[in-house]
Amino acid sequence: MNSTEWVKIWLKTCDENGIPPWEFDFKQFYKSEIFPNADTDDTSHLKSWLKYKYTKELNKAKSNTFTDSLKKIYEDENIEKGMDKDTDRVVFPIYQVLEWQDEEKSVIKGDHMNSFLTTFTPLLLTGPTKKIPYAPFGNENKKTFNEEPKIANKLSGWAEEADSGLLNITEFEFYKEQYKIWGNFNLFARMTDTLGNFTVIPSKLNIARGSSEAFRDYWDITLRVLYDLFMAIGIEGEEAWKAFINKYFLQTYVNKDYSVGELWKGHLEDKEGIFINGVYPQKIDDFEQFYRNVNLLIEERGKWMTKILCEKLDLTNLEFYKDDLVNMEKIRFFNDIIK
């Protein structure tokens, strides 16, 4: 079994089960039954994410068609860790087919471009902290609980209670319809672990993105920092920047002039390298824009990645390709998607 064969199995099985590959949630790899997703209620995606993040139930991939074949790839390459991996590392065979990563042990590794937890936490905070001196739902949430709960404990509790129907997400004010957040928020709980939200970056950059308050795993900030670095080189840097964007299908995050798009209005406004409006969303409209925009960008990029995989592997006869991808002539830029 090699990476090419594994990717073919994944694409064909998605097609057989009527699931577009760009919508496939790779958290499903941590379940014994991959197709179809048994969770159908309106909190299903959030439930999966909570279990993946906070319980031991989904911390290792179960035995199924995909994981068994993936383990065989790792055995062929003498990789001992097997399947005890994050979703952005599980898809190594896809990176290899796209010629993004040669070896599983390379310093260039898979990463989530946009983190679910990063925005979820400030959304739920019941009161301001030193790091996040704002909480758009803080006053209402504090009324709900009468005291400020420790958010990590609350999320962990939700994860344990998910299957019993006690997922009390409605306790929080952001669920109310007037905020218009729930639909795209819940969708992002799935989209965060789909193909279009994965890329490869150097391991040290991955660490910096997750630990630095200047990044906090927002992909537009990551790209903006890289953009400034490339532009400082001059003409050669400009050409290298375009080549970088094109190689990793990052057009969805840049405008037609290859400047970086903002995940919400005002996010990248800066003064002498410091983002004026902070790293996190600060008002309801920021959250609404983020969840809407990031889902659209991930979907577009995921479609294009799927199209390229199908064409590389001579799988253009698959139904999802004929229905949705055959007339997709190019990947769209940010300002064509976010209008």
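Asp193 and Lys27 are both buried in this predicted model, and the two residues form a salt bridge in which the closest N and O atoms are 2.6 Å apart. The pair links distant parts of the chain, since Asp193 lies in the loop between helix H9 (182-191) and strand S2 (198-202), whereas Lys27 is placed in the loop between helix H1 (3-16) and helix H2 (44-54), 166 residues apart. The contact between Lys27 and Asp193 belongs to a network of salt bridges that also takes in Asp25.

The structure holds 10 salt bridges, and two others are described here in turn. In one of these, Lys256 is paired with Asp336, with a separation of 3.2 Å between the closest N and O atoms. Because Lys256 is found in the loop between helix H12 (235-247) and strand S3 (270-271) while Asp336 belongs to helix H15 (residues 334-337), this salt bridge ties together parts that are 80 residues apart in sequence. Asp336 has a relative accessible area of 22% and is therefore classed as partly exposed, the limit for a buried residue being under 20%.

A further salt bridge joins the side chains of Lys283 and Asp286, which meet at a distance of 3.1 Å from N to O. The two partners are placed in separate classes of accessibility: Lys283, at 45% relative accessibility, counts as partly exposed, whereas Asp286 is buried, with a relative accessible area of 4%. In general terms, side chains of opposite charge can pair when their charged atoms come close.

With regard to the cysteines, a search of the whole structure finds zero disulfides. Cys14 is in no disulfide, and the cysteine sulfur nearest to that of Cys14 belongs to Cys310, at a distance of 9.8 Å. The relation holds in the other direction as well, for Cys310 is likewise in no disulfide and has the sulfur of Cys14 as its nearest cysteine sulfur, 9.8 Å away. Because a disulfide requires a pair of cysteine sulfur atoms within 2.5 Å, the separation of 9.8 Å between the sulfurs of Cys14 and Cys310 does not meet the criterion. Both residues are nevertheless enclosed according to their accessibility, as Cys14 is buried with a relative accessible area of 0%, and Cys310 is also buried, with a relative accessible area of 0%.

Conventions: Residues numbered from 1 in each chain as written. Predicted model: local features only at pLDDT ≥ 70, side-chain atom pairs only at ≥ 80, totals over all residues. Heavy atoms only, no water. Buried < 20%, exposed > 50% of the residue type's maximum accessible area, 1.4 Å probe, protein only. Salt bridge = Lys/Arg side-chain N within 4 Å of Asp/Glu carboxyl O. Helix = DSSP H or I, 4+ residues; strand = E, 2+ residues; numbered from the N terminus.
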